[in-house]
Amino acid sequence: MSTGSEFGRPRHIDDDMPTPSEQQAATTSLGDLLAEVSRDVSTLMRQEVELARAEIRQSAMRAGKGAGMYGGAAIAGWLTVLFLSIALWWGLGYLVGNAWSAVIVAALWAIVAVVLALVGKKEFDEVRGMPDTVESVKKIPDTLKRNEENR
């Protein structure tokens, strides 16, 4: 049942009745209310930290399993390359002899090693670190100093 309008919303007879929260605020001291809010915030923070721990634990377990699978794949890949190299050495041995075929396979691997080393060096040379962070951290002491206006 509408009795008028206050702040653009219809007013009902039930609006005169305070809500349970309003009743508690009216009958409880400010110190008790602040203690309750502090307790609720503390509980919420503990629950959030526990949730974060559980998520980190689960993510770490999955990352560990994934790293183990990558390790297994690396070993399998290395064995594949090893046996293919032996097969190439053996196959070339029919054409040029076993000694020369071993030299040819070793030379091929030396070329692969040099190319990988040069590409790796190029990638390391492009690493910049954290230049933006270093610059902003260098500015912090100047920001904390008092300037002439504030003296």
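Here is a short tour of two salt bridges and one buried serine in this predicted model.

**Stop one: the salt bridges**

Searching the whole structure turns up two salt bridges, and you can visit both.

Start by selecting Glu 50 and Arg 53. These residues form a salt bridge, and their closest N and O atoms sit 3.9 Å apart. Show the ribbon as well: both belong to helix H2, which covers residues 30-96. Glu 50 and Arg 53 are three residues apart there, so about one helical turn separates them. Switch on the surface and look at Glu 50, which is partly exposed at 41% relative accessible area.

Now jump to Asp 125 and Lys 121. Here is the other salt bridge, with 2.9 Å between the closest N and O atoms. This pair is in helix H3, residues 98-125. Asp 125 and Lys 121 are four residues apart, so again the separation is about one helical turn. How accessible is each partner? Asp 125 is exposed, with a relative accessible area of 53%, while Lys 121 counts as partly exposed at 49%.

**Stop two: a buried serine**

Stay in helix H3 and select Ser 101. Is Ser 101 buried or exposed? Ser 101 is buried, with a relative accessible area of 0%, so hide the surface to get a view of it.

Next, add Asn 98 to your selection. The Ser 101 side chain reaches the backbone oxygen of Asn 98 at 2.9 Å.

Finally, which residues does Ser 101 touch once neighbours within four places in sequence are set aside? Select Trp 89, Leu 92, Gly 93 and Val 96: Ser 101 is in contact with each of them.

How values were computed: Residues are numbered from 1 along each chain as its sequence is written. This is a predicted model: local features need pLDDT of at least 70, side-chain atom pairs count only at pLDDT 80 or more; totals for chains, interfaces and linings use all residues. Side-chain values use heavy atoms; hydrogens and water are left out. A salt bridge is a side-chain nitrogen of Lys or Arg within 4 Å of a carboxyl oxygen of Asp or Glu. Helices (H or I, at least four residues) and strands (E, at least two) are DSSP runs, numbered from the N terminus. Buried means under 20% relative accessible area, exposed over 50%, partly exposed in between (1.4 Å probe, protein chains only). A polar contact is a pair of N or O atoms within 3.5 Å; within protein, one must be able to donate a hydrogen and the other to accept it, and residues adjacent in sequence count only if both atoms are side-chain atoms. Contact means heavy atoms within 4.5 Å.
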